[in-house]
Amino acid sequence: MTTDQDVRPAAVEVHGAVKSFGAHTVLDGIDLTVAAGKVTVIIGPSGSGKSTLLRAINHLEKLDQGYVSVNGEPIGVRRLGDRFKELPERAILAQRRHIGFVFQNFNLFPHLTAVQNVAEAPVTTGAATRSEALEQARALLAGVGLADKEDAYPRQLSGGQQQRVAIARAIAQRPGVILFDEPTSALDPELVGEVLSAIKDLASTGTTLIIVTHEIAFAREVADEVVFLDGGRIVEQGPPSQVLDQPRHARTREFLSKVL
Amino acid sequence: MPPTAHTDVSTPDAPAAPVPDAAARRVIPLRHPGRWIATIVVLVLLAQVAHGLVTNQFYQWGRFAHYFFDPAVLDGLVITIYVTAASAVLALAGGTVLALARLSRSPVLQAVSWTYIWLFRSVPLIVVLLFLYNFSALYQTLSIGIPFGPAFITFGVTALATDTVIAILGLTLHESAYAAEIVRAGILSVDQGQHEAAAALGIPRYLQFRRIVLPQALRSVIPNYVNLLIGLVKSTSLVFYVSLLDLFGTVQSLGSTYPGDIVPLLLVATVWYVILTSVVSIVQYYVERRFARGALRTLPPTPLQRLRRGFTQLRARVAVPR
């Protein structure tokens, strides 16, 4: 593997993000800067806008106002004078290849085997030939401890195994940032550990990770920065030792007392 | 459970007392005497029907055999198969285009697709066919060129519109409307998360459809489309009215020439239609298995595999007498 193929961690910036569904404001002006190579964990009560914020970063959700940039490049929009204009779908799809996404419900392709799931995007986007992509996919599956499951269909795998395949699929295109939307919320308690340890391995490679989760102990262990969101606003933000152990805001203390 | 424990299980007046021995034995399966009675009743009824079919002179089985491989009947059969196959393929293609238009983000495409489906589901097939049959009276020529401007190529409609073309066109127009709804239902049955996952990976849009959505949609499209196809096999009998001699048309015209043979002729048509739909059903079974990959943890054995396994087991039992 050549050096220029290696992962270059990306910096993510959210500028004045506002998003409403009907009369309900989900994101109420969010500014967030995530330095390249850092692990940021977003916590907050349900309905606080965590998932919407994460989905806005790879433009699965369109913002009403504000924008997101990855390595300084606006995502899904381009600047046109003093305004932003939507990009055509093809351009957005190209940008998403540098942003990995891991879903709560895995969303593996059920008609493809584990190795085909991982190889699908590199092949269809033309990043690799079929045999290169399959070879790389096998290596990635081995990396998440699933070398013996490469020919299994998703339905033949446990939830924890499926989520590890999904992680391998998300990193197959060597994204500079990977977004995790509650990656362990759909798992049985005894399967959570295997997924968290796969994420921890990723964190040690220096890729930028943004993780929405309810696993506070995990956040304390891997996070460089913890962001507490409530009512579509950032209430508190800082290193885990501060936000999780000495929260300044009453709202943060109240939330933590419920989930810990 | 220790083998020494041994109590009298036949004692009926110790109901609540646990019987250690019974737990060690196989559970006696529930018997179904009603099933045996039903089986006998059905077999008797079947025997009666078979007896009637064989002994009733009215069916004229000799004439049936005479007509079954009659060259005219076989020609009609070929036309039925050809027209069905051509319209089935074209209707699936047309239906897919209509379904995609209906699901597209363009309001114009949505409206056009909706109107087409509304129109062709409202008009009976026979009316569509007869309309096309008289089309050459409405428009003598068709031309390709600039709309309302000069024409580059001009065709005479009568030269283009042979009976076969009219039949295939009519069936395709009609069936496309139904196929569109079947394909649309299939696409809608694919989980939204699949679209999102494909989009999040940056897979180009047409490949998202072809490689992710379509293979999953086909699983529910196939049974419904085969249903339509089997209907289509029989709908082709209407092309008789645009003077195309398909299987039914041939039988009908032979029947009017030899009125005494109408019953054996109808039986010939019936048996050929049954054979055609049976072939379609068998093909459906294997195509469905193909697209069930990943949907089931393990695929059930095919009837052939089951037969072979049963035969092997039987042989093993015969070879090793207990």
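Author: Let's start with the vocabulary. Helices (H or I, at least four residues) and strands (E, at least two) are DSSP runs, numbered from the N terminus. Keep in mind, too, that this is a predicted model.

Reader: Fair enough. What is the mean pLDDT of chain A?

Author: The mean pLDDT of chain A is 92, and 97% of its residues reach 70 or more. Watch the start of the chain, though: over residues 1-5 of chain A, pLDDT stays under 50, and the model has 2 contacts beyond four places in sequence for that stretch.

Reader: Which residues of chain A does UniProt list for a domain?

Author: An unreviewed UniProt entry lists residues 12-256 of chain A as "domain: ABC transporter". In the model, that stretch of chain A is 36% helix and 28% strand, with its end C-alpha atoms 26 Å apart.

Reader: Now the sheets. How do strands of a sheet pair?

Author: Strands of a sheet pair through backbone hydrogen bonds, and they do it either parallel or antiparallel. Chain A has an open sheet of 6 strands with mixed pairing, in the order β8-β9-β10-β3-β11-β12. At its edges stand β8 (99-102) and β12 (233-238) of chain A; each has a single partner strand, so one side of each is left without a neighbour in the sheet. On average, neighbouring strands of this sheet are turned by 15° against each other, direction ignored.

Reader: Where would I see a parallel pair? Which strands of chain A run parallel?

Author: Try β3 (residues 39-43) and β10 (residues 208-212) of chain A, which run parallel and are joined by 4 bridges. To find your place, look for A:Val41, which stands opposite A:Ile211 in β10(A). Then look for helix α6 (residues 189-204) of chain A, which lies across β3, β9 (177-181) and β10 of chain A and runs at about 150° to β10(A).

Reader: And an antiparallel pair in that sheet? Over how many bridges do β11 and β12(A) pair?

Author: Strand β11 (residues 225-230) of chain A pairs with β12(A) over 5 bridges in the antiparallel sense. Here A:Asp230 stands opposite A:Arg233 in β12(A). The two strands form a hairpin with 2 residues between them, and A:Gly231 takes a positive phi near 55° there.

Reader: There's another sheet in chain A, in the order β2-β1-β4-β5. What is its pairing?

Author: Antiparallel: those 4 strands form an open sheet. Its edge strands are β2 (24-34) and β5 (73-74) of chain A, each of which pairs on one side only. Strand β4 (residues 65-70) of chain A meets β5(A) over 2 bridges, and A:Ser69 has A:Pro74 in β5(A) as its bridge partner. Helix α1 (residues 50-57) of chain A lies across β1 (12-21), β2 and β4 of chain A, running at about 120° to β1(A).

Reader: You brought up phi. What sign of phi do most residues other than glycine have?

Author: Most residues other than glycine have a negative phi, which is why a positive value is worth a look. A:His59 has a positive phi of about 65° although it is not a glycine. A:Asn71 is a second case, with a positive phi near 50°.

Reader: Where do A:His59 and A:Asn71 lie?

Author: A:His59 is in the loop between α1 and β4 of chain A, while A:Asn71 is in the loop between β4 and β5 of chain A.

Reader: Buried or partly exposed: how do A:His59 and A:Asn71 count?

Author: The cut-off for buried is 20 or more other C-beta atoms within 10 Å. A:His59 has 24 of them, so A:His59 is buried. A:Asn71 has 15 C-beta neighbours inside 10 Å, so A:Asn71 counts as partly exposed.

Reader: Let's move to chain B. How many helices and strands does chain B have?

Author: Chain B has 14 helices and 2 strands. Of its 322 residues, 25% count as buried. For a local example, take helix α12 (residues 247-257) of chain B: its buried residues include B:Leu247, B:Val251 and B:Leu254. Residues three or four places apart in an α-helix point the same way, because the helix has 3.6 residues a turn. The buried residues of α12(B) pack against α4 (71-103) and α13 (262-291) of chain B.

Reader: Last one: how many residues does the contact take from chain A and from chain B?

Author: The contact takes 23 residues from chain A and 20 residues from chain B. On the side of chain A that touches chain B, α2 (89-96) and α3 (114-124) of chain A are the elements that give two or more residues. The largest share, 4 residues, comes from α2(A). By class, that side of chain A has 11 nonpolar, 7 polar and 5 charged residues.

Key
Residues are numbered from 1 along each chain as its sequence is written. Chains are lettered from A and ligands numbered from 1 in the order in which they are written. This is a predicted model: local features need pLDDT of at least 70, side-chain atom pairs count only at pLDDT 80 or more; totals for chains, interfaces and linings use all residues. Two residues are in contact if their C-beta atoms, placed from the backbone, lie within 7 Å. Ala, Val, Leu, Ile, Met, Phe, Trp, Tyr, Cys and Pro count as nonpolar, Asp, Glu, Lys and Arg as charged, and the others, Gly among them, as polar. UniProt positions are given in the numbering used here, feature names are shortened, and annotations may be inferred rather than shown by experiment. A residue is buried if 20 or more other C-beta atoms lie within 10 Å of its own, exposed if 12 or fewer, and partly exposed in between; C-beta atoms are placed from the backbone. pLDDT is the predictor's confidence in each residue, from 0 to 100. Two strands pair if DSSP finds at least two bridges between them. Axes are lines fitted to C-alpha atoms, for helices over the stretch in contact, and angles run from 0 to 180 degrees between N-to-C directions.
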